[in-house]
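Visitor: Please take a close look at one part of this model, the beginning of the first chain, and describe the backbone there.

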Amino acid sequence: MATPNVIIDPVTRIEGHLRIQAYAIPDGKGGGTIKDPGLSASTMVRGVEQILKGRDPRDAWAFTQRICGVCTVVHGLTSVRAVENAIGIKVSKNADYIRNMMIGAQYVHDHVMHFYHLHALDWVDVVSALKAIPANTASLSAKNNPNYKPNNGKLPDAIYFQNVLDRLNGLVNRGQLGLFANGYWGHSAYKLSPEENLLLVSHYLEALGWAREVVKLHTIFGGKDPHPNLVVGGMPCTLSSNTGPVSEDKGGTSLNTAGLAIIKKSVDTMKTFVDQVYLPDVVLVATKYKEWADYGATEGNFLCFGEFPDPALVKKEFVDGAIDYPAGYVFPPGVIWANNLNGLFPFDESKVTENVAHAWYSGSDAGAHPSVGSTVLNYTGPAPDSASYMLDESKRYSWIKSPRYNGQPMEVGPLAHILMMHARNTLDTDKQVRTGVAQYWTGALKLGFDQLNSTLGRIFCRMLETKIIADQMANWYQRYEANKAGAYWNPNTFTRLTQPKSWPKSVGFGFTEAPRGALGHWVKINPTTYMIDNYQCIVASQWNAGPRDAKGIEGPYEHALVGHVLADVKKPLEVLRTIHSFDPCIGCAVHIVDSEGQPLVQVEVNHSYRSLS
Amino acid sequence: MNKDLDLPERSKAPVNLAEDTILDEATVSRLLELGISRRGFLSFCTGMASLMVLPQAMIPKLAAAATAPTKPSVVYMSFQECTGCLESLVNSFAFRGGTTIDNLILNMISLDYQETLMAAAGYQAEDLLKTVTSKPGYVLVVDGSIPAKWDSGYFVSGGRSGVARFRDAAKNAGLIIAVGTCASFGGLPKADPNPTGAVSISELMASLGIRKPLINVPGCPPIPEVITGVILYYLASGMPSLDSLYRPTMFYEKTVHDECYREESFEDGPFALTFDDANARKGGCLFKLGCKGPATHNACSTIKWNQGTSFPMMSGHGCIGCAEPDFWDRINLNGKKGFYVQLAHGGDDD
């Protein structure tokens with residue numbers, strides 16, 4: 001292949017460290033077309049799993065949580081579920097309601113911030129916004145966001161937008177553009193009007209203030225955010241014996257009258273912003289960028305581990321407050337093959353493999369199940385700090401391993417979630433997917449259903465699942481509130497950890513559907529020391545951002561860039577649009593180290609019962 | 001008082017909202033340009049000054065720093081990190097004008113390089129980094145540890161090693177702030193067995209012979225008001241007083257145990273013995289469940305988290321000690337590591 005002429009390193013507005021290389025066949029006018037897959041490479045590694053060896057399994061959640069401060073709840077919780085699964089501990093209803101709310105809050109917070117703070121500037125030209133007429137922006141706002149009243153309870157008027165404009169002009173006049181400096185402003189691919197740009201910049205700023213309010217739900221339940229506290233066996237928080245404020249005299253906990261009100265307010269604030277701002281803004285952007293439903297498709301294989309056990313489906317309550325579910329998750333576990341979007345196949349955990357043929361690890365090139373994987377850090381890439389630094393897709397080129405399902409690369413994340421729900425079509429939330437797609441995607445936007453597999457489809461599905469979860473939050477809160485005096489923690493947990501004969505299996509598997517997709521942790525606990533023998537994670541962004549496998553089949557990012565037409569190869573805005581549509585979380589994707597390579601035994605998983613074994 | 005700030009009891013005394021605090025006219029008019037009233041601003045300053053235990057005389061200096069016509073440049077670089085520190089910092093931003101003025105940190109500084117938020121990417125980002133680091137005097141904020149061996153390949157960005165990126169960015173910096181426990185002390189990447197040979201910023205500075213003022217702001221992540229407070233203090237008044245670990249004493253002098261409302265039951269009981277027991281619901285001390293509060297220097301129990309909403313012990317989990325060096329490997333009672341293992345000693349710090 002020719003020397004790559006499209007290089008983005010660092011890819012910014014993501015979590016972590018990512019490099020994209022591609023070759024665009026020049027069009028003679030500074031632009032070009034990407035005909036063959038380039039490469040997606042992560043260039044940072046920490047070795048979290050190696051650090052976990054020999055540690056107390058009760059502590060693992062805190063380590064894995066630090067895999068990512070953006071996905072702060074899900075890595076901790078997946079670890080907690082893996083240990084619960086290994087030792088056969090069931091958790092109480094309250095623990096599951098609270099976990100649903102914490103994961104749900106993370107989805108809503110993450111997805112809204114992704115749209116405005118990580119992705120919007122690929123579609124919104126901040127410099128163009130400077131030309132907006134404030135009065136016209138106010139009219140647009142009244143039409144696009146008729147229920148959104150950030151202006152002291154009133155619709156934003158011309159003065160309101162003039163104020164936003166003044167702030168932007170202040171940056172320009174000072175010559176200090178700060179975070180907005182050196183963007184691809186004025187690029188021919190930007191299509192919004194100045195007023196549309198100003199409206200979205202205004203929402204960009206307001207979403208920052210919104211975000212810090214909604215994370216307070218994590219703070220009440222987990223004591224802080226990012227990195228709220230969790231515990232194996234339930235939740236560490238518990239109802240306060242004192243309904244008033246905590247004090248030295250009266251004691252108490254965060255779950256008092258004021259704390260419960262904060263949770264309720266967070267839940268309400270989430271829903272309001274999603275309904276009034278995020279949803280209509282995504283539809284506005286989609287209307288102006290419809291052609292992006294023709295770019296960015298992956299191979300059409302989708303995977304979902306399943307998430308949000310549905311409290312309405314509780315089948316059995318145990319005396320200790322624990323519960324069992326039937327196989328009822330808002331996002332169903334499942335697999336969709338080759339763009340057959342109505343065919344939902346069951347997910348079989350034993351078909352997951354990891355491949356290191358193009359990653360900087362030593363070990364066999366043959367794909368191995370995570371329970372028997374063996375890997376050692378082995379950097380064979382070019383020396384840094386040289387002007388000729390370049391990665392080569394025929395060699396090893398990333399710290400991300402390539403996960404495969406039944407030997408195939410899979411896309412995970414919001415698009416997969418929406419397609420699974422659409423295909424299942426049984427729960428009310430599944431019907432909500434059908435309604436949303438019919439109203440906006442195939443309705444207002446007049447796009448084909450199969451075009452959801454695209455850059456624009458990913459953005460749309462992320463918004464639609466946010467809407468569905470934001471609606472569910474009130475449901476989970478209500479059920480929790482009614483049961484708040486019930487149990488939060490299973491008191492057998494810590495003793496069970498030292499009774500290996502009671503463990504149902506030697507390897508625990510925990511899974512979560514993170515905002516970016518399927519996330520699984522595997523833990524093997526030593527029956528003599530009760531410490532961790534081995535720990536493995538396969539993470540959402542790993543599925544999407546991984547390199548080629550031994551057969552040379554590229555990962556979803558790499559595949560999705562083929563066919564992109566760039567107006568200016570020096571300003572590859574089009575490439576950023578598609579990469580950002582996946583919401584890369586590269587700190588998550590890179591973490592795998594297992595220096596000993598001790599085989600784990602086969603994991604048995606019953607998906608109906610998650611960690612409730 | 002700024003309602004958004006839940007002010008610590010101990011620091012209310014020295015500072016009062018002073019109507020007669022003198023702000024010069026230029027400062028007041030620049031505040032108005034930012035959409036902030038004089039009264040609102042004074043209340044913000046009083047809040048910040050209280051957090052930092054500052055004398056009232058500091059308020060005009062804070063005001064002048066916060067409204068300077070040219071904003072001090074802040075360059076924020078990330079290495080072996082998880083983005084939790086930035087997430088935390090973002091929680092201190094609020095852009096709605098009106099009564100909330102905590103947005104001053106963004107009006108006050110020019111955040112000229114920050115990979116997670118900046119518009120520029122790739123070549124344009126690298127070009128920007130060169131430009132902003134060519135003018136001496138900026139504040140360099142760093143999160144994450146850095147692999148000590150430049151050619152290990154464990155950290156490369158824009159084709160350059162972590163060591164080279166840091167060394168070049170440090171060259172013209174007026175101050176370096178290591179934000180988070182990874183940058184301050186090595187943190188998670190450095191936890192045993194430190195697979196990537198990660199070091200803290202102070203260790204890397206020593207090995208590269210970089211002599212620059214350094215402030216460590218540890219915590220996993222740090223409390224947002226502590227990050228912004230340190231920056232604000234530096235801009236207003238230069239280096240704050242630091243302890244032997246380069247931590248600002250204004251935030252890290254006391255342990256989280258010292259100011260914890262559960263401290264009383266540490267003296268007299270009852271202790272929570274398991275999660276969710278009757279004593280846990282009463283707010284009993286979590287020491288026997290492994291709380292590391294007595295050995296952890298931070299302001300969680302005073303400033304609290306997310307605008308004073310809660311903090312770990314208030315939400316029922318012991319402190320894991322995340323602001324201390326090597327907290328992942330702390331040895332507790334009976335020589336054991338672990339967040340649920342009781343501290344080896346009953347109190348105070350080590």
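Guide: What follows covers the loop and the small sheet at the start of chain A, with some context for the chain. The model is predicted.

The loop in question lies between strand E1 (6-8) and strand E2 (18-22) of chain A, and A:Pro10 is found in it. The peptide bond from A:Asp9 to A:Pro10 is cis, with omega near 5°. A:Arg13 lies in the loop between E1 and E2 as well. Its phi is near 55°, a positive value in a residue that is not glycine. Is A:Arg13 buried or exposed? With a relative accessibility of 2%, A:Arg13 counts as buried, because the cut-off for buried is under 20% relative accessible area.

Next comes the sheet. Three strands of chain A form an open, antiparallel sheet in the order E3-E4-E19. Its edge strands are E3 (24-26) and E19 (565-566), each of which pairs on one side only. Strand E4 (residues 32-34) of chain A is joined to E19(A) by 2 bridges, and the two run antiparallel. In one of the pairs, A:Gly32 has A:Leu566 in E19(A) as its bridge partner.

As for the chain as a whole, 76% of the contacts in chain A between residues at least 6 apart in sequence join residues at least 24 apart. The secondary structure of chain A comes to 18 helices and 19 strands. Of its 613 residues, 67% are buried. The accessible surface of chain A is about 18000 Å², and 53% of that belongs to carbon and sulfur atoms.

Note on methods. Residues are numbered from 1 along each chain as its sequence is written. Chains are lettered from A and ligands numbered from 1 in the order in which they are written. This is a predicted model: local features need pLDDT of at least 70, side-chain atom pairs count only at pLDDT 80 or more; totals for chains, interfaces and linings use all residues. Side-chain values use heavy atoms; hydrogens and water are left out. Helices (H or I, at least four residues) and strands (E, at least two) are DSSP runs, numbered from the N terminus. Buried means under 20% relative accessible area, exposed over 50%, partly exposed in between (1.4 Å probe, protein chains only). Contact means heavy atoms within 4.5 Å. Accessible areas come from the Shrake-Rupley method with a 1.4 Å probe; for residues, only the protein chains shown count as cover. Two strands pair if DSSP finds at least two bridges between them.
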